[in-house]
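Here's a walk through the ligand sites and pockets of this protein. Keep the model open beside you as you read.

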Amino acid sequence: MILVTGGCGFIGSAFLLSWFRNTDEPVVNLDLLTYAGHPGNLQALSGDPRHIFVKGDIADSALVARLLEEHKPRAIINFAAESHVDRSIDGPLAFAQTNVVGTLLLLETTHAWWRTLPPGVAAEFRFLHVSTDEVFGSLDANAAAFTETHRYEPNSPYSASKAASDHFVRAWHHTFGLPTLTTNCSNNYGPRQFPEKLIPLMILNALGGKPLPVYGDGMQVRDWLHVDDHCAALRAVLAKGKPGECYNIGGRSERTNLAVVDAICKALDTLRPNTDGARYADLVTHVRDRPGHDRRYAIDDSKIAHQLGWQPEIEFQHGIRSTVEWYLSNQEWVRSVTSGSYRQWVERQYESLARAA
Ligand code: NAD
Ligand code: DAU
């Protein structure tokens, strides 16, 4: 079996659902259920004996040690993190705690257990750390895309915390021989993404007739990847990746934020036209830019494509339409995650941005 951390979040839950479409190998899912973690994301696994959910913190070494002893996983996949850049600007300490200290303690606990394994079992074990392209910093418009050897230049508290965690993972391989794998992925989109992130926030605001808050000029570029493609890449890295290596994962789909918002609006114009004929794009409102906003990310995926045979399959126009359809058909999920604390965050964040614009 494998141990997954953060399996109730956006990517972790997509990973678990896709895992069980491909295999019957059981998974222990350790998740703290922060504001971003929703057991409802895994409703389809309710009563499924292959999925063992444990509520807890990756920094709780006693709990993690007990889970490792009890379940003896052949691999750990670490999704658990604080993941939203704007929240990291608002309150960076939670990011240092989970992304840096949490990952470090998870490595320590894993290493202490791993070195007691018989040599053959230890050699086959994998610690897969799920990281981000944001650790490489920002690219100029015409600069070459990030390769795995691109210099680390994190610019936000979030990316700095993920960069620190990547360095610890690297050190645990080089110093202690732990068979680690690190992936650095671009922006994901798809079902069950928490509506603090660009795409679901824009879909829900549009449906509510609210302004669509584009930061600054909206010409920042991200490389969008459907979450199911990311999950397929992670399965390939787990199965075939070489210990100690890093793999960049991207969507071959660079787009400005304005183009992404426009694609969402056009999908909604078709799928849920306004009764008065108004276009959703009329709701676009430019607000104050994110402090330190990275201009462009782009991924060179040659390594994973050539060495592991993975490439993205889901084309953006198709993926964005199916994502909009998912949010339209899952209003109960939307209601369940947009609780009081979510509404408070959105009101505080966007009132201050609008005032300052
Ligand atoms: P998310 O915020 O949706 O989910 C994070 C999950 O981790 C939640 O279920 C939360 O409850 C859990 N968690 C948080 N702190 C924890 C702790 N201390 N112990 C145990 N569980 C904890 O995040 P996501 O978008 O699904 O991202 C998952 C991972 O992928 C993160 O490491 C993120 O840095 C990375 N990543 C995300 C993207 C993206 O576009 N979303 C892209 C590249 C990499
Ligand atoms: O690149 C990978 C990263 O992508 C992941 O590591 C992060 O966990 C994930 O959150 C994401 O980070 P971004 O900051 O790129 O994603 P976000 O959805 O917050 O924003 C995408 C772009 O849209 C970014 O340029 C900021 C802009 N934006 C975002 C919001 C929420 C807006 O213009 N308006 C908004 O309201």
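How do the residues of the shell around ligand 2 divide into nonpolar, polar and charged? The split is 10 nonpolar, 8 polar and 6 charged. Bear in mind throughout that this is a predicted model.

## Around ligand 2

The shell of ligand 2 holds 24 residues, and the ones that come nearest are D133, Y158, R290, H293 and Y350. Two of these show up again when you look at polar contacts. R290 puts a polar side-chain atom 2.6 Å from an oxygen atom of the ligand. For Y350, an N or O atom in the side chain is 2.6 Å from an oxygen atom of ligand 2. The backbone joins in too: a polar backbone atom of S83 is 2.7 Å from a ligand 2 oxygen.

How much of ligand 2 does the protein cover? On its own, ligand 2 has 690 Å² of accessible area, and the protein covers 95% of it. Two elements give two or more residues to this shell, namely α7 (198-207) and β8 (212-215). The largest share comes from β8, with 3 residues.

## Around ligand 1

Ligand 1 has 28 residues around it, with I11, D31, S83, Y158 and K162 the closest. You've met a couple of those names already: Y158 is also among the residues that come nearest to ligand 2, and S83 offers ligand 2 a backbone atom. For ligand 1, S83 uses its side chain, where an N or O atom is 2.7 Å from an oxygen atom of the ligand.

Nitrogen atoms of ligand 1 have partners as well. A backbone N or O atom of I58 lies 3.1 Å from one, while T98 has a polar side-chain atom 3.2 Å from a nitrogen atom of the ligand. Taken alone, ligand 1 exposes 840 Å², and 97% of that is buried by the protein. Elements giving two or more residues to the shell are α1 (10-22), β5 (126-132) and α6, and β5 gives the most, with 3 residues. By class, you'll find 13 nonpolar, 12 polar and 3 charged residues here.

## The largest pocket

Next, the pockets. The largest one holds about 500 Å³ of space. It's lined by 19 residues, and those closest to its centre are L204, N205, K210, Y342 and V346.

Which element supplies the largest share of the lining of the largest pocket? That's α13, with 6 residues. The elements that each supply at least two residues are α7, β13 (284-287), α12 (331-337) and α13 (340-356). So far as α7 goes, this helix also gives two or more residues to the shell around ligand 2. The lining of the largest pocket divides into 11 nonpolar, 5 polar and 3 charged residues.

## The second largest pocket

The runner-up has a volume of about 300 Å³. Its lining is made of 17 residues, and E148, Y152, R170, G244 and C246 lie nearest the centre. By class, that lining has 4 nonpolar, 8 polar and 5 charged residues.

At least two lining residues each come from α6 (157-176) and β6 (180-185). Helix α6 gives the most, with 5 residues. You'll recognise α6 from the shell around ligand 1, where it also supplies two or more residues.

Methods:
Residues numbered from 1 in each chain as written. Chains lettered and ligands numbered in written order. Predicted model: local features only at pLDDT ≥ 70, side-chain atom pairs only at ≥ 80, totals over all residues. Heavy atoms only, no water. Near = heavy atom within 4 Å. Polar contact = N/O pair within 3.5 Å; in protein donor to acceptor, adjacent residues only side chain to side chain. Areas by Shrake-Rupley, 256 points an atom, 1.4 Å probe, with all protein chains shown as cover. Helix = DSSP H or I, 4+ residues; strand = E, 2+ residues; numbered from the N terminus. Nonpolar A, V, L, I, M, F, W, Y, C, P; charged D, E, K, R; others polar. 1 Å grid on protein atoms, 1.4 Å probe; cavity = no way out; pocket = protein on both sides within 12 Å on 5 of 7 lines; lining within 4 Å. Points joined across faces, edges and corners; volume = space filled by probe spheres on them.
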